[in-house]
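User: Hey, I'm new to this one. Can you walk me through the empty spaces in it?
Analyst: Sure, let's have a look together.

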Amino acid sequence: MPLPQLNDALLDVQDRVATLTFNRHDVRNALTGTGLIDDIVTVADWINRSDEVSVLVMTGAGSAFSSGGNVKDMAERGGDFAGDAAEVATRYRRGIQRIPLALQQVEVPIIAAVNGPAIGAGFDLANMADIRIASAKAKFGETFLNLGIIPGDGGAWFMQRLIGYQRAFELTLSGRVVDAAEARDIGIVLEVVAPEQLMARATQLARSFAAQPPKALRLTKRLMKMAQRMELKDFLDLSAAFQGMCHNEPEHLEAVKKMLERG
């Protein structure tokens, strides 16, 4: 399946790992005022239709992961922030809110390799991944309230599920920026590594996931997501159905055979 055509991002696929690099370092990979929203949504849809990909890694080119919204456009009431209340709301629904809806539906693990500041919507974008690996240079800030706005991209939904309501509330209401070490301590990121080791570590982790049987991997990702919103009895019924599918897949017997051969 050919790679999709992107405007402001780069996509590379090797060893079943797709690496999406936000490539607007001139504006610190801002999501608004660039083509990155369309690129992220396009890649999310493409991965779900491609059997050749088992993991998605997202990172930023240059010094930032993503600065989120374009503050200059906010100051000028231009771009995505122009118009009356109804116009702005419609633009959010048709624009940046497409990212959480698309990433929530991605069938493979998503790893955010946070190379630098992830601010505002950029922070929320990182939180939409399943795992975050951070460079020691990374910073994280839910800074919307500092600008007199709310997290309109779904950030309040994702962060409290990641680190709990109380900690998410404090970060959102204070608008403070935390460094990589604190982000690890409070559960935002899984690991912090030296900047020059970031992509190697993210790729190593991604390849370890991608080495798993691909159909069972996708079913497991779906199961993990659905566990967050289902009652136990319904969840167990779903697990039984998924397990029946797995036991009838050739990849299951191949994996069992390999394990027996290893002793």
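User: Which residues line the largest cavity?
Analyst: The lining is made by Leu 31, Ile 96, Ile 99, Pro 100, Ala 121, Leu 125, Met 128 and Asp 153. Keep in mind that this is a predicted model.

User: What kinds of residues are those, by class?
Analyst: Seven of the lining residues are nonpolar and one is charged, with no polar ones.

User: And which helices supply at least two residues of that lining?
Analyst: That would be helix H4, residues 98–104, and helix H5, residues 121–127.

User: What volume does the largest cavity have?
Analyst: About 30 Å³. A search of the whole structure turns up one cavity of 30 Å³ or more.

User: OK, pockets now. What's the volume of the largest pocket?
Analyst: The largest pocket comes to about 440 Å³. It has 17 lining residues, and the ones closest to its centre are Ala 129, Asp 130, Met 224, Lys 225 and Gln 228.

User: Where does the largest share of that lining come from?
Analyst: From H10, which gives five residues to the lining of the largest pocket. Helix H10 covers residues 214–227, and both H10 and H6 supply at least two lining residues each.

User: How does the lining of the largest pocket divide by class?
Analyst: Into eight nonpolar, four polar and five charged residues.

User: How much space lies in the second largest pocket?
Analyst: About 350 Å³. This pocket is lined by 26 residues, and Thr 32, Gly 68, Gly 69, Asn 70 and Met 74 are the closest to its centre.

User: Which helices supply at least two residues there?
Analyst: Helix H2 (71–76) and helix H3 (85–94) each do that for the second largest pocket. H2 has the largest share of the lining, with three residues.

User: And the class split for the second largest pocket?
Analyst: Its lining has 13 nonpolar, nine polar and four charged residues.

User: Switching topic: where is Trp 157?
Analyst: Trp 157 sits in helix H6, which spans residues 155–163.

User: Why does Trp 157 count as partly exposed?
Analyst: Because its relative accessibility is 39%, and partly exposed covers the range between under 20% for buried and over 50% for exposed.

User: How far apart in space are Trp 157 and Ala 168?
Analyst: They are 9.7 Å apart, going from C-alpha to C-alpha, and 11 residues apart in sequence.

How values were computed: Residues numbered from 1 in each chain as written. Predicted model: local features only at pLDDT ≥ 70, side-chain atom pairs only at ≥ 80, totals over all residues. Heavy atoms only, no water. 1 Å grid on protein atoms, 1.4 Å probe; cavity = no way out; pocket = protein on both sides within 12 Å on 5 of 7 lines; lining within 4 Å. Points joined across faces, edges and corners; volume = space filled by probe spheres on them. Helix = DSSP H or I, 4+ residues; strand = E, 2+ residues; numbered from the N terminus. Nonpolar A, V, L, I, M, F, W, Y, C, P; charged D, E, K, R; others polar. Buried < 20%, exposed > 50% of the residue type's maximum accessible area, 1.4 Å probe, protein only.
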